[in-house]
Amino acid sequence: MQKTDSELIARFLTGDQDSFDDLLKRYQSPIRQFLRRLTAGDHALADDISQETFIKMFYNLNSFRGDCSVSTWLHTIAYRNFLRHMELVSKIDYDDDPESMNAIGTHHDHTSEILVEQLMKRLSVNERLMVTLSFSVGMSHSEIAEVTGAPLGTIKSHINRGKTKLAELMDTEERTK
Amino acid sequence: MTESIGDDDQPQCGNFLLENLLSYKSQLDGKAFHANVMARIEQRSRQRRWVLGGAAILAAIAVIAVKPEEFSFPSTLHLPLENLGAIAAAASPHGSLMAIMLACVFIFGVTKTVDSI
């Protein structure tokens, strides 16, 4: 039977390193995919921030109080690492240039993941964040508030704006096919 | 497709298309990622050991370098630390020196550890 997160953390704190391996295996994919969405498809950068997230987890598991889920806690660390990275390096293209619409329309290798990452480039960082946490991770608004520290009203408005933009982009995408 | 989100705490059911589009389609293969994370943790742990060991050596060198002939600093304190000063004075000069050196290493180590976290 699969151990719960709490059991794995408890075992890790008694010196069982394999428990950390299990936690890493369990959460590596969602955290990496979350950061791929935030970085709008920069996989190398997303993996680098993800690694830093799990290293922080390794050194901070003893201070995890358990007042939120491990998933929420990890997403919070990942988001803060992402913000820190953005402050240090302005490597990501957050340009709202309408020309980038064409990049979506003329992309020939339309697997849905590539399409989503292209679409994410058209959203602001906050819209990307809130939409991903809501629709991809499946978090409630209060969980999103825990991760981002944003008020509920702000979260709802970012999600709403993100949804509207995505709907318009999808319509454009359909029309150009 | 662009209906507004309600005031409740959960995304609404009408968002099915968007949920479907945005859902994570597959589990990413984590072998290389896992190996990288463990390697970086090992590397960081090694660095920590070197930093703390280096700090201990530097602290020892610094204390020995500035050591006065008569090491009586703690016993001359006239603050609330008087009792501590009396205890330190009762100890041998080398004992006091070692205590201060260990305190330096401890403070440096704690600061460095907190900083790395």
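A polar contact is a pair of N or O atoms within 3.5 Å, and within protein one of them must be able to donate a hydrogen and the other to accept it. The exercises below apply this and related terms to a predicted model.

**Exercise 1.** Describe the contact between chain A and chain B, beginning with its extent and ending with its polar pairs.

*Solution.* Start with the residues: 48 residues of chain A are in contact with 35 residues of chain B. Next take the area, which is about 3,700 Å² buried between the two chains, with carbon and sulfur atoms giving 62% of this. Then turn to charge, where three salt bridges are counted between chain A and chain B, including the one that joins E52(A) to R40(B), whose closest N and O atoms are 2.7 Å apart. Finally, 14 residue pairs are in polar contact between chain A and chain B, both residues being at pLDDT 80 or more.

**Exercise 2.** Work out which helix gives the largest share of the side of chain A that touches chain B, and sort that side by class.

*Solution.* Helices that each supply at least two residues to this side include α2 (17–38), α3 (43–60) and α9 (152–176) of chain A. Among the contributions, the largest share is the twelve residues from α2(A). Sorted by class, this side of chain A has 21 nonpolar, 15 polar and twelve charged residues.

**Exercise 3.** Determine how α7(A) and α9(A) are oriented to each other.

*Solution.* The axes of these two helices come within 8 Å and cross at roughly 90°. Angles of 65 to 115 degrees count as roughly perpendicular, and α7(A) and α9(A) are therefore roughly perpendicular to each other. Residues making the contact include M130(A) and F135(A) of α7(A), together with I155(A) and L166(A) of α9(A).

Note on methods. Residues numbered from 1 in each chain as written. Chains lettered and ligands numbered in written order. Predicted model: local features only at pLDDT ≥ 70, side-chain atom pairs only at ≥ 80, totals over all residues. Heavy atoms only, no water. Contact = heavy atoms within 4.5 Å. Buried area = accessible area lost by both parts, 1.4 Å probe. Salt bridge = Lys/Arg side-chain N within 4 Å of Asp/Glu carboxyl O. Polar contact = N/O pair within 3.5 Å; in protein donor to acceptor, adjacent residues only side chain to side chain. Helix = DSSP H or I, 4+ residues; strand = E, 2+ residues; numbered from the N terminus. Nonpolar A, V, L, I, M, F, W, Y, C, P; charged D, E, K, R; others polar. Axes fitted to C-alpha atoms, helices over the stretch in contact; angles between N-to-C directions. Parallel < 35°, antiparallel > 145°, perpendicular 65-115°, else oblique.
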